Amino acid sequence: MGRVFVVELDGRSYRCKFCRTHFALPGDLVSRSFHCRHGKAYLFNNAVSSFRVNITVGALEERLMLSGMHTVADIFCCCCGQIVGWKYEVAHEKTQKYKEGKFVLERGRIVNEIDFSSEVYIDTRPSMSDDEDA
């Protein structure tokens, strides 16, 4: 199969919840009002798969969604193999054509994180003093 090369995006990015692989930039976010079988989802103009890394695009299939019939392909994290969303290839209704070529990432499978190299971690959880017993 070969070695997997992963692209790291600069600054804040949307990443895999399971392995933190970078997927998309906030500037590519089109809509937060999408839904999937498992809850909320986000629509992006681009994802790192444009470079054929970080996301693997699966086989095309016809899928009936709330907005009508679409030809889509599931997208997978290249590092951990989790399904993280889908890519719209063809929208069969004129009103849905704007989705073609765009990516949907399921909110429950991604995290929105900033660049950790410049971040300072501060523990904000309440802690007990020596006088308190648990």
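## Exercises on a predicted model

In strand β2, the residue A24 is the bridge partner of Y14. The model from which this pairing is taken is predicted. The exercises below begin with the sheet to which this pair belongs and then turn to the other sheet, two loop residues and the largest pocket.

### Exercise 1. The sheet of three strands

Task: State the order of the strands in the three-stranded open sheet, and explain why one side of β2 and of β9 has no neighbour in the sheet.

Solution.

Step 1. Begin with β1 and β2. These strands pair in the antiparallel sense over two bridges. Five residues lie between them in a hairpin.

Step 2. Turn to β1 and β9. Strand β1, residues 13–16, is joined to β9 by four bridges, and the two run antiparallel. Two pairs illustrate this: S13 stands opposite E113 in β9, and C16 has I110 as its bridge partner in β9.

Step 3. Assemble the order. The open sheet reads β2-β1-β9, with antiparallel pairing.

Step 4. Examine the edges. β2 (22–24) and β9 (110–113) each have a single partner strand, so one side of each is left without a neighbour in the sheet. From one strand to the next, the twist of this sheet averages 45°.

### Exercise 2. The sheet of six strands

Task: Give the order of the strands in the six-stranded open sheet, and follow the bridges that link β5, β6, β7 and β8.

Solution.

Step 1. Write down the order. The six strands are arranged as β3-β4-β8-β7-β6-β5, and their pairing is antiparallel. At the edges stand β3 and β5; each has a single partner strand, so one side of each lacks a neighbour in the sheet. The twist from one strand to the next averages 30°.

Step 2. Follow β5 into β6. A hairpin of two residues connects these strands, and nine bridges pair them in the antiparallel sense. One example is L60, whose bridge partner in β6 is A73.

Step 3. Follow β6 into β7. Seven bridges pair these strands, again in the antiparallel sense. A73 has K87 as its bridge partner in β7. A73 thus appears in both pairings, with L60 and with K87. Five residues separate β6 from β7 in their hairpin, and G81 in the turn has a positive phi of about 80°.

Step 4. Follow β7 into β8. Three bridges join β7 to β8 (residues 103–106), and these strands run antiparallel. Here W86 stands opposite V104 in β8.

Step 5. Consider how far β6 is covered. Of the 10 residues of β6 (68–77), eight are buried, and the strand is therefore described as mostly covered.

### Exercise 3. Two residues in loops

Task: Decide for N54 and for R20 whether the residue is buried, partly exposed or exposed.

Solution.

Step 1. Locate the residues. N54 is found in the loop between β4 (39–44) and β5, and R20 in the loop between β1 and β2.

Step 2. Apply the cut-off to N54. Its relative accessible area is 0%. Buried means under 20%, and N54 is therefore buried.

Step 3. Add the contact of N54. Its side chain reaches the backbone oxygen of H22 at 2.7 Å.

Step 4. Apply the cut-offs to R20. With a relative accessible area of 40%, R20 lies between the limits for buried and exposed, and so it is partly exposed.

Step 5. Note the backbone of R20. Most residues other than glycine have a negative phi. R20 is not a glycine, yet its phi is positive, at about 70°.

### Exercise 4. The largest pocket

Task: Describe the lining of the largest pocket by residue, by element and by class.

Solution.

Step 1. State the volume of the largest pocket: about 370 Å³.

Step 2. Identify the residues. There are 18 in the lining, and those closest to the centre of the pocket are H35, C36, R37, M65 and W86.

Step 3. Sort by element. Two or more lining residues come from each of β3 (29–36), β5 (55–65) and β7 (83–91). The largest share, four residues, is given by β7.

Step 4. Sort by class. The lining contains eight nonpolar, six charged and four polar residues.

Step 5. Connect the pocket with Exercise 2. W86, which is among the residues closest to the pocket centre, is also the residue that stands opposite V104 in β8.

Terms used. Residues numbered from 1 in each chain as written. Heavy atoms only, no water. 1 Å grid on protein atoms, 1.4 Å probe; cavity = no way out; pocket = protein on both sides within 12 Å on 5 of 7 lines; lining within 4 Å. Points joined across faces, edges and corners; volume = space filled by probe spheres on them. Nonpolar A, V, L, I, M, F, W, Y, C, P; charged D, E, K, R; others polar. Pairing = 2+ DSSP bridges. Axes fitted to C-alpha atoms, helices over the stretch in contact; angles between N-to-C directions. Buried < 20%, exposed > 50% of the residue type's maximum accessible area, 1.4 Å probe, protein only. Polar contact = N/O pair within 3.5 Å; in protein donor to acceptor, adjacent residues only side chain to side chain.
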